[in-house]
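User: I should like to learn how to read a ligand site and a few backbone features in a structure. Could we take them one at a time?

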Amino acid sequence: MTQTNSTTKKTVTTDKSLPRRHSPRDNARNVDFLVKISNILAKSLDIHALLEEVIDQIFYFMKRIDRGAILLLDKDTGELKEAVSKVRTSNHVNARINWSRAVAHKVIKEGNPVVLSDKSHEYRSGSLGDIEFDGILSAMCVPLRYKGEIQGVIYVDSITLPGGIRKDDLRLLSGLGDTTAIAIQNAQLYEDLKEELNERRRAEEALIKANRDLEETRDMLVQSEKFAAIGRLSAAIAHEILNPVNIISMRIQLLEALEGISESIRKPLRICKGQLNRIVTITESLGRSSRTSEKRRVIADLNETIERVVDLIAPQLRVDGIRTHVELHSGLPLIPMDKERIEQVIFNLVSNAAVAMTGSENKVLKITTKPNPQGSVLIAVSDTGAGIDPGDIDKVFDPFFTTKDPGEGTGLGLFIAYSIVQEHAGRIWAENNESGGASFYIDLPIERTPKRS
Amino acid sequence: MGRILVVDDEIEACNALEEFLNLKGHEVYTALDGPTALAKVQEVRPDIVLLDMIMPGMEGTEVLKRIKEFDFDTSVVMVTVVAEENKAKKTMELGAFDYITKPVDLGYLENVLLVKLLDTAD
Ligand SMILES: Nc1ncnc2c1ncn2[C@@H]1O[C@H](COP(=O)(O)OP(=O)(O)OP(=O)(O)O)[C@@H](O)[C@H]1O
Ligand SMILES: [Mg+2]
């Protein structure tokens, strides 16, 4: 083939110099090759799998070629990076081959294919300035161009078979370059799309989480707002209720003081007084749930406060057959608190625990304190009682929620505890514990945080 | 026994207390608000004033201060609800003799009055 000879002499062959006419056999081969590659490329969206396939097909169609690499241009750094490199005799994907940088860069710079054959002048003289030609009998490099922009090159060479490269091979490789460039672009778009989708999914997930957090915060705010409102209202209501109750109470006392009253009248009067006392207990408790002034807060030792409450009720606990374990952390930081109010909280929790253990065989009350690394102190009051019905666990802090018989409990003990803990910018919650009983936790901040605005 | 002025914005509260104190043999006067109470104090010079803490217009504490300014030999017993107990305790510093909580235990009230009256009798 005369054409081949003239090309190889010229060393650097641009596609301008390629003849337009192909032989029927070549055409058949080329069409077959490009169709096959196109099919593969169209299907493949994974860049690396795709590029590897391109090299494999080159090996299949061009028997002279025994090494191939696809080098992609990093748009940011201008660096040429080996995306795949393969040797025919090995299955190894990233076989490090000493592809000619000079050739690749020439192609990138000029945008035209380059062919080097063992007969080529530059190759022999080494004027390409590349020492990596050792053992390379011929090489071929075509640009990967998409919409006029060079993305990289396909580089192939032969180290075993002499005789140069047929210009038909170059044409084929050039065609392959265009197809591959499109495929790379597609794969890139796909990757980008995938990344965009991932990003969107991540953003969506973040949004969902943010929403959930917001809802939780809102629920908490609504809850504490509700309780604060009840607290404020309670003080006013307590006053409004206690005035008429006072009048009724005095009237009953005056009636009782009358002489010659029969038992049939004394008895209903006693009942009336008892019921009035109920009203008084409830209203006074409600009054207690309302806020006190910030001024009453002092920096104090929580352990001392707890000990005082325990000392106070220890005799009663002993009578009830309850063993009390108190584990107070010795290094507990001092916290700002209204001591009387915190005593009230502990007292309410302990009396609830005592009541809950009435039917238990093993009655153990455990009170612990410990510092929380997040800048707070944690109090736990646990019992071996009957525990809280899981359905009630969210309700126990609600005002008037009680499982006690009418007249027995006000259902305000935990509400008051909740309100007081709120005043201290802390948290209180309930859980059932391993022993089947209930555990109440209080987390109080060490810092004097201003109350929620 | 004693001369007692009952101050409460609720007439039924005044009535009940008046009835009870009359029964116990005291001389009872009533007032439904602060200004009236101050006028009554000057007029009848009671031994004891039973003074409601929370009243519309002039608050009990304010009435207490003004009574103390008269420098009469008048003792003041504050009447309050438990929620206001801390405020009530403070009135002791302002010169109140004692405080009782609503609902008023009449037996207890009588004891407080007796203590005061026996005190002044000495
Ligand atoms: N330690 C506990 N174990 C099991 N249930 C509890 C415990 N503490 C509270 N509860 C449940 O929570 C309800 C509400 O408690 P809360 O202290 O508010 O009111 P109460 O104890 O019923 O009435 P009061 O405090 O006026 O005596 C109780 O009736 C009970 O059902
Ligand atoms: Mg309780």
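User: Which residues are the closest around ligand 1, and how many surround it?

Analyst: A ligand site is read by listing the residues that have a heavy atom within 4 Å of the ligand. In this predicted model, 19 residues surround ligand 1. The closest are A:Asp383, A:Thr402, A:Thr403, A:Lys404 and A:Thr410.

User: What polar contact does the side chain of A:Asp383 offer to ligand 1?

Analyst: The general idea is to look for pairs of N or O atoms within 3.5 Å. Here a side-chain N or O atom of A:Asp383 is 2.7 Å from a nitrogen atom of ligand 1. Backbone atoms take part as well: an oxygen atom of ligand 1 lies 3.2 Å from a backbone N or O atom of A:Gly411, and a polar backbone atom of A:Gly413 is 3.4 Å from an oxygen atom of the ligand.

User: How much of the surface of ligand 1 does the protein bury?

Analyst: One compares the ligand taken alone with the ligand in its site. Ligand 1 alone exposes 600 Å², and the protein buries 87% of that area. The space that ligand 1 takes is the second largest pocket.

User: Which elements give two or more residues to the shell around ligand 1?

Analyst: In chain A, these are helix H9 (339-356), helix H10 (413-423) and strand E12 (438-445). H9(A) gives the most, with three residues.

User: How do the residues of that shell divide by character?

Analyst: The shell around ligand 1 holds nine nonpolar, eight polar and two charged residues.

User: Let us turn to the backbone. Where does A:Lys147 lie, and what is its phi?

Analyst: Here one reads the sign of phi together with the residue type. A:Lys147 is not a glycine, yet has a positive phi of about 50°. A:Lys147 is found in the loop between strand E4 (138-146) and strand E5 (149-158) of chain A.

User: Which residues does the cis peptide bond in chain B join?

Analyst: The angle to read is omega. The cis bond joins B:Lys102 and B:Pro103, with omega about -5°. B:Pro103 belongs to the loop between strand E5 (98-101) and helix H5 (106-121) of chain B.

User: What confidence values does the predictor give for chain B and for the complex?

Analyst: Chain values and complex values are read separately. Chain B has a mean pLDDT of 90, and 95% of its residues reach 70 or more. For the complex, the predictor gives an ipTM of 0.93 and a pTM of 0.53.

Methods. Residues numbered from 1 in each chain as written. Chains lettered and ligands numbered in written order. Predicted model: local features only at pLDDT ≥ 70, side-chain atom pairs only at ≥ 80, totals over all residues. Heavy atoms only, no water. Polar contact = N/O pair within 3.5 Å; in protein donor to acceptor, adjacent residues only side chain to side chain. Areas by Shrake-Rupley, 256 points an atom, 1.4 Å probe, with all protein chains shown as cover. 1 Å grid on protein atoms, 1.4 Å probe; cavity = no way out; pocket = protein on both sides within 12 Å on 5 of 7 lines; lining within 4 Å. Sits in = over half its atoms within 2 Å of the grid points. Helix = DSSP H or I, 4+ residues; strand = E, 2+ residues; numbered from the N terminus. Nonpolar A, V, L, I, M, F, W, Y, C, P; charged D, E, K, R; others polar. pLDDT = per-residue confidence, 0-100.
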